[in-house]
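Me: I have a model open and want to learn to read it. Can we go through it feature by feature?

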Amino acid sequence: MNVELTRFRVKKGKTEQVDEWLKFLNENMKDVLITLEGEKMFVETIFREQLNGDEYLYWYSVQGEGGQEVEQSNHWIDKKHLEYWDECIDETFRPVDLQTEVVMIPEKVRKSMI
């Protein structure tokens, strides 16, 4: 099982597109959840922050081993998600993986994730 929290910087001037992106994901949650199964993604959460004049998105995930990469998906949701990603995420900023220190998942929940 892989537990991650990663920070990505949003390109300057793309706040409205990020608003649209997050709204798109929320409004299409039924299809979003279908795509997570192929990725063996048990939990995926996006957080947003304004810090020192920059905007950041954080991805928190709990993922099983051997899942499909989102880039390999042919699902329309994933294709649109990656379009937003390319438009909004600043590729000149090196993503920051926060250090995982403690993972608290009860055993009965952990077993259901296999």
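What follows is a short walk through helices, loops and single residues.

Reply: One caution before we start. This is a predicted model.

Me: Let us begin with one helix. Which residues of helix α2 are buried?

Reply: Helix α2 spans residues 29-39, and its buried residues are Val-32, Thr-35, Leu-36 and Glu-39. Look down the axis of α2. The buried residues fall within an arc of 110 degrees, so they line one face of the helix.

Me: Which exposed residues sit on the face of α2 turned away from its buried side?

Reply: Lys-30 and Glu-37 are the exposed residues carried there.

Me: What covers the buried residues of α2?

Reply: The cover includes two helices, α1 (15-27) and α3 (76-88). It also includes the strands β2 (41-51) and β3 (54-63).

Me: Take one residue from each face. Is Val-32 buried or exposed?

Reply: Val-32 lies in helix α2. Its relative accessible area is 12%, and under 20% counts as buried, so Val-32 is buried. Set aside its neighbours within four places in sequence, and Val-32 is in contact with Leu-25 and Ile-77. There is also a long-range pair to mark. Val-32 and His-81 are 49 residues apart along the chain, and their C-alpha atoms are separated by 9.5 Å.

Me: And Glu-37, buried or exposed?

Reply: Glu-37 is also found in helix α2. With a relative accessible area of 65%, Glu-37 is exposed. Its C-alpha atom is 9.0 Å from that of Gln-68, a residue 31 places away along the chain.

Me: Now helix packing. How do I read a pair of helices?

Reply: Two numbers describe two packed helices: the angle between their axes and the distance between those axes. Take α2 and α3. They pack at about 95 degrees, with their axes 9 Å apart. That makes α2 roughly perpendicular to α3.

Me: Which residues meet where α2 packs on α3?

Reply: From α2 come Asp-31, Val-32, Thr-35 and Glu-39. From α3 come Trp-76, Ile-77 and Asp-78. By class, this contact has 3 nonpolar, 1 polar and 3 charged residues.

Me: How do the axes of α1 and α3 cross?

Reply: The axes of α1 and α3 come within 10 Å and cross at roughly 165 degrees. The cut-off for roughly antiparallel is over 145 degrees. The two helices are therefore roughly antiparallel to each other. Their crossing is left-handed.

Me: Which residues of α1 and α3 meet?

Reply: On the α1 side they are Gln-17, Val-18, Glu-20, Trp-21, Phe-24 and Leu-25. On the α3 side they are Trp-76, Ile-77, Lys-80, His-81, Tyr-84, Trp-85, Glu-87 and Cys-88. By class, the contact of α1 with α3 has 9 nonpolar, 2 polar and 3 charged residues.

Me: Next, the backbone. What should I look for in phi?

Reply: Look at the sign. Most residues other than glycine have a negative phi. Lys-40 is a case to check. Its phi is near 55 degrees, a positive value in a residue other than glycine.

Me: Where does Lys-40 lie?

Reply: Lys-40 comes just after α2. It lies in the loop between α2 and β2. At 39% relative accessibility, Lys-40 counts as partly exposed.

Me: Which residue in the loop between β2 and β3 should I check next?

Reply: Check Asn-52. It has a positive phi of about 55 degrees although it is not a glycine. Its relative accessible area is 76%, so Asn-52 is exposed.

Me: One strand residue, please. What is Glu-49 in contact with?

Reply: Glu-49 is found in strand β2. Leave aside its neighbours within four places in sequence. Glu-49 is then in contact with Asp-54, Glu-55, Tyr-56 and Tyr-58. Its relative accessible area is 27%, and Glu-49 is partly exposed.

Me: How far apart are Glu-49 and Arg-9?

Reply: Count along the chain, then go through space. Glu-49 and Arg-9 are 40 residues apart in sequence. From C-alpha to C-alpha they are 9.5 Å apart.

Technical notes. Residues are numbered from 1 along each chain as its sequence is written. This is a predicted model: local features need pLDDT of at least 70, side-chain atom pairs count only at pLDDT 80 or more; totals for chains, interfaces and linings use all residues. Side-chain values use heavy atoms; hydrogens and water are left out. Buried means under 20% relative accessible area, exposed over 50%, partly exposed in between (1.4 Å probe, protein chains only). Helices (H or I, at least four residues) and strands (E, at least two) are DSSP runs, numbered from the N terminus. The arc is that of the directions from the helix axis to the C-beta atoms. Contact means heavy atoms within 4.5 Å. Axes are lines fitted to C-alpha atoms, for helices over the stretch in contact, and angles run from 0 to 180 degrees between N-to-C directions. Angles under 35 degrees count as roughly parallel, over 145 as roughly antiparallel, 65 to 115 as roughly perpendicular and the rest as oblique. A crossing is left-handed if the near helix is turned anticlockwise from the far one by less than a right angle, and right-handed if clockwise. Ala, Val, Leu, Ile, Met, Phe, Trp, Tyr, Cys and Pro count as nonpolar, Asp, Glu, Lys and Arg as charged, and the others, Gly among them, as polar.
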